[in-house]
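User: Could you take a close look at one helix for me and show me how its surroundings are put together? I would enjoy a connected walk through the packing, the sheet and the charged pairs.

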2 protein chains.
Amino acid sequence: MKTITSRQNPLFKRIRAAIREHEEEIVIEGPKAVADAIAHGWTPIAVVNRDVEFSSELFEALSETRSPQDVIGLFARPRGDAAAILGRRDTIAVALDGVQDPGNVGTIVRLAAAFDAAGVLLLAGCADAFGPKAVRASVGAILSVPVAEITVPQLIASNVPLIATAADGERIDPPSRNAVLVFGSEGSGVSDELARAARKLAIATSGRVESLNVGASAAILLARSYALRT
Amino acid sequence: MKTITSRQNPLFKRIRAAIREHEEEIVIEGPKAVADAIAHGWTPIAVVNRDVEFSSELFEALSETRSPQDVIGLFARPRGDAAAILGRRDTIAVALDGVQDPGNVGTIVRLAAAFDAAGVLLLAGCADAFGPKAVRASVGAILSVPVAEITVPQLIASNVPLIATAADGERIDPPSRNAVLVFGSEGSGVSDELARAARKLAIATSGRVESLNVGASAAILLARSYALRT
């Protein structure tokens, strides 16, 4: 087999589009992560190795990381089912509203796996959980956590109790099951429509900081919910 | 006053050294952060504004961020007192062992403020809490949280009970006071000598992830300790 060196190569262009847009196809980087994805039942569309299928230079042109991996896998984008996530009344689900940082989205996907949440629902204004940065921050959890997009009206219509973090909320434990924990952006919190529909919960803090990072808030509440459930 | 444009200017070189080395002097970036530092009683050695003291080009040469701030303050590096941190038996202290990522160190400084820990003790192999990335990640908390370096023998000799997170630890609540919570690096945990001297605590997880991010672990345990204390 001839090593591909041209940026006009259709597979190169397809992988580059998956890295940039991750609409229909997504990329997993690194030999262990690609092997894990296949072990989880994901079927690769293509697996390319540096200096084998693609020249080293072409490979570098794809990688977003400073220390690029030697293997890239191209996969169909998984489509989580919001109704199935909301149907799991034995645990809680997580919804994110305007969480723009892909590192935070990936961190919360990882926490959803660590604390057995039903899945992660993405409302408007969130970073995509299947972009390369979010996938890396999930440290493999994106393979096992259902992720689906949803709108505020759909979420409210589900009739699953909504719990939103808010500085003026009640200082209560999070629910252990049959609820959606909603996290907003660090700056502006959850949207007004959601805030009106949700019970508001505050994490007790000293007041010496204005807010917690959304990943820290999610860690605290998901761990507590898991501890109350198990 | 004449705007400085030369990279040979002594103040420019001094600020650049503080950004790179943060040994004796450190830098705080942004008008609000500099004002907050002064409000906290920090005395600036110098405050430079873009296009006033320093030309815009010289200013850009200093900034580590993509969207540089318009004000940089130069301050003497605060020296936290490890003995004073360990002497606070009414709350817990945090010790970090080999936490290399400055974002994680800054995040944990922020959590120490949020949950009223006595301070943060840095063991060998940690990123400096006073480097620009850690300062930014602390979101102002570096101004109010005592931070000091310490060695493992000093920490053990303090006779304050040590609690280290470990996958094989007991699934117990963290202490609410009179203890040091020790967090190791995500990959290798705390050092052997510390692990032998500490009681080991595990955060209950589903087992679907190999580990939690050290910032997530700290958020969960500091929040729980604070809830038990207040």
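Analyst: Happy to. A residue is called buried here when its relative accessible area is under 20%. Please keep in mind that this is a predicted model.

With that cut-off, the buried residues of α5(B) are Asn104(B), Val105(B), Gly106(B), Ile108(B), Val109(B), Arg110(B), Leu111(B), Ala112(B), Ala113(B) and Ala114(B). That makes 10 of the 13 residues of α5(B), so the helix is largely enclosed by the rest of the structure. The helix itself covers residues 102-114 of chain B. From its first C-alpha to its last, α5(B) reaches 18 Å, close to the 18 Å expected at 1.5 Å a residue. Just after α5(B) comes Asp116(B), with a positive phi of about 50 degrees.

What do the buried residues of α5(B) pack against? Within chain B, the partners are β4 (92-97), β5 (120-122), α6 (132-137), β6 (147-149) and α9 (214-229). Chain A contributes as well, through its own α9 (214-229). As for orientation, α5(B) lies across β4, β5 and β6 of chain B and runs at about 150 degrees to β5(B). Another helix, α9(B), packs on the sheet, where it touches β4, β7, β8 and β9 of chain B. The direction of α9(B) makes about 165 degrees with that of β8(B).

Now to the sheet beneath these helices. In chain B, 6 strands form an open sheet with parallel pairing, in the order β6-β5-β4-β8-β7-β9. Its edge strands are β6 and β9 of chain B, each of which pairs on one side only. On average, and with direction ignored, neighbouring strands of this sheet are turned by 35 degrees against each other. Strands of a sheet pair through backbone hydrogen bonds, either parallel or antiparallel. One such pairing links β4(B) and β8(B) (residues 179-184), which run parallel and are joined by 6 bridges. There, Ala95(B) has Val182(B) of β8(B) as its bridge partner.

Some strand pairings in chain A are worth a look too. Strand β7(A) (residues 162-170) and strand β8(A) (residues 179-184) pair in the parallel sense over 3 bridges. Ile163(A) finds its bridge partner in β8(A) at Leu181(A). Strand β7(A) also runs parallel to β9(A) (residues 199-201), and 4 bridges join the two. In that case Thr165(A) is matched with Leu201(A) of β9(A).

Strand β4(A) (residues 92-97) holds a residue that may catch your eye, Asp97(A). Although Asp97(A) is buried, it has no salt bridge. The nearest side chain of opposite charge belongs to Arg196(A), 11 Å away. A salt bridge needs a side-chain nitrogen of Lys or Arg within 4 Å of a carboxyl oxygen of Asp or Glu, so a partner at 11 Å does not qualify. Leaving out residues up to four places away in sequence, Asp97(A) touches a set of neighbours that includes Leu123(A), Cys126(A), Phe183(A), Ser185(A), Val190(A) and Leu194(A).

Elsewhere, charged side chains do pair up, and the count comes to 24 salt bridges over all chains. Side chains of opposite charge can pair when their charged atoms come close. In chain B, Glu170(B) forms a salt bridge with Arg199(B), the closest N and O atoms being 2.8 Å apart. This pair links distant parts of the chain, with Glu170(B) in β7(B) (residues 162-170) and Arg199(B) in β9(B) (residues 199-201), 29 residues apart. Glu170(B) counts as partly exposed at 36% relative accessibility, and Arg199(B) counts as partly exposed at 44%. Salt bridges that share partners also join Arg50(A), Glu60(A) and Asp70(A) into one network.

Two pairs in chain A round off the picture. Lys32(A) and Asp36(A) meet through their side chains in a salt bridge of 2.9 Å, N to O. Both residues lie in helix α2(A) (residues 31-39), 4 residues apart, about one turn of the helix. An α-helix has 3.6 residues a turn, so residues three or four places apart point the same way. Lys32(A) is exposed, with a relative accessible area of 53%, whereas Asp36(A) is partly exposed at 29%. The other pair is Arg88(A) and Asp90(A), whose side chains meet in a salt bridge of 2.9 Å, N to O. Arg88(A) counts as partly exposed at 37% relative accessibility, and Asp90(A) is partly exposed with a relative accessible area of 43%.

How values were computed:
Residues numbered from 1 in each chain as written. Chains lettered and ligands numbered in written order. Predicted model: local features only at pLDDT ≥ 70, side-chain atom pairs only at ≥ 80, totals over all residues. Heavy atoms only, no water. Expected span 1.5 Å × (residues − 1). Buried < 20%, exposed > 50% of the residue type's maximum accessible area, 1.4 Å probe, protein only. Contact = heavy atoms within 4.5 Å. Pairing = 2+ DSSP bridges. Lys, Arg positive; Asp, Glu negative; His and termini not counted. Axes fitted to C-alpha atoms, helices over the stretch in contact; angles between N-to-C directions.
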